Amino acid sequence: MNVILIGPPGAGKGTQAQKLVASRGMVQLSTGDMLRAAKTSGTELGNRVAEVMDKGELVTDEIVIGLIEEQLEQGSAGGFIFDGFPRTLAQADALGDLLARHGTGLHAVIELVVDDAALVDRIVKRAEDAQAAGHPVRRDDTPEVFEDRLRAYYKQTAPLLGYYYAKEQLSQVDGMASVDAVERQIVAILDA
Ligand code: AMP
């Protein structure tokens, strides 16, 4: 089973992806995590994307499609959860092609519907929690960069909602509910 979690930054995609990893043996593919790892390890790719990420803009389709392609080669018995990918129509088309090439497809696209006004608070809280726990704080988790990330979402990623709706693959969950309640809604869709 391959599933896309889609929603604006701070909607809870990463949190829910981790729940599915734990409960269903799925593999989480977060392009944001992969890009941050590349940045931290100072690879050529990391250096190339650092500035774009810090501005809250999207890195090129070619880069993220390449990262996903590599991971799909590894396979996953429980299937993949795509978290933060695809983010553009070109990425969505590429994902469809890659999955077809592996003899599989998408089983669900789940939108975490959230209230934008609440997102900035969530992002600020995520940065504070990370700092309190001694974890690295994301450089793009500031109210200023967040505005740009949200704009990129509406401009480049939100069109995917129509794309998957037209393919009858889109489901929605209330992303403002508690973490456990959101998880229950997602599980109900996957088990339907
Ligand atoms: P995220 O952790 O998903 O919020 O991603 C953090 C940053 O990584 C984004 O603001 C983009 O700069 C970059 N990024 C992550 N995933 C993608 C993607 N699928 N396409 C383009 N850029 C991405």
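Which of the 16 residues around the ligand come nearest? The legends below, prepared for a predicted model, begin with that site.

**Figure 1. Residues around the ligand.** T31, R36, E57, G84 and Q91 come nearest to the ligand, out of the 16 residues around it. By class, this shell comprises 6 nonpolar, 4 polar and 6 charged residues. Helix α2 is the element that gives the most to the shell, contributing 4 residues.

**Figure 2. Polar atoms at the ligand.** Two of the close pairs involve side chains: a polar side-chain atom of R36 is 2.9 Å from an oxygen atom of the ligand, and a polar side-chain atom of Q91 is 2.9 Å from a ligand nitrogen atom. At G84 the partner is instead a polar backbone atom, which lies 3.0 Å from a nitrogen atom of the ligand. The ligand taken alone exposes 470 Å², of which the protein buries 96%.

**Figure 3. Packing of helix α2 against helix α4.** Helix α2 spans residues 31-40 and helix α4 spans residues 61-74; their axes are 10 Å apart and meet at an angle of about 100 degrees. Because angles of 65 to 115 degrees count as roughly perpendicular, α2 is roughly perpendicular to α4. From α2, the contact is made by T31, M34 and L35, and from α4 by I63, V64, L67, I68 and Q71. The contact of α2 with α4 has 6 nonpolar and 2 polar residues, with no charged residues. T31 thus appears both in this contact and among the residues that come nearest to the ligand.

**Figure 4. The cis peptide bond at P86.** The peptide bond from F85 to P86 is cis, with omega near -5 degrees. P86 is located in the loop between β3 (80-83) and α5 (89-101). Most peptide bonds are trans.

**Figure 5. The backbone at E168.** Although E168 is not a glycine, its phi is positive, at about 60 degrees. Most residues other than glycine have a negative phi. E168 belongs to the loop between α8 (159-166) and β5 (170-174).

Notes:
Residues numbered from 1 in each chain as written. Predicted model: local features only at pLDDT ≥ 70, side-chain atom pairs only at ≥ 80, totals over all residues. Heavy atoms only, no water. Axes fitted to C-alpha atoms, helices over the stretch in contact; angles between N-to-C directions. Helix = DSSP H or I, 4+ residues; strand = E, 2+ residues; numbered from the N terminus. Parallel < 35°, antiparallel > 145°, perpendicular 65-115°, else oblique. Contact = heavy atoms within 4.5 Å. Nonpolar A, V, L, I, M, F, W, Y, C, P; charged D, E, K, R; others polar. Near = heavy atom within 4 Å. Polar contact = N/O pair within 3.5 Å; in protein donor to acceptor, adjacent residues only side chain to side chain. Areas by Shrake-Rupley, 256 points an atom, 1.4 Å probe, with all protein chains shown as cover.
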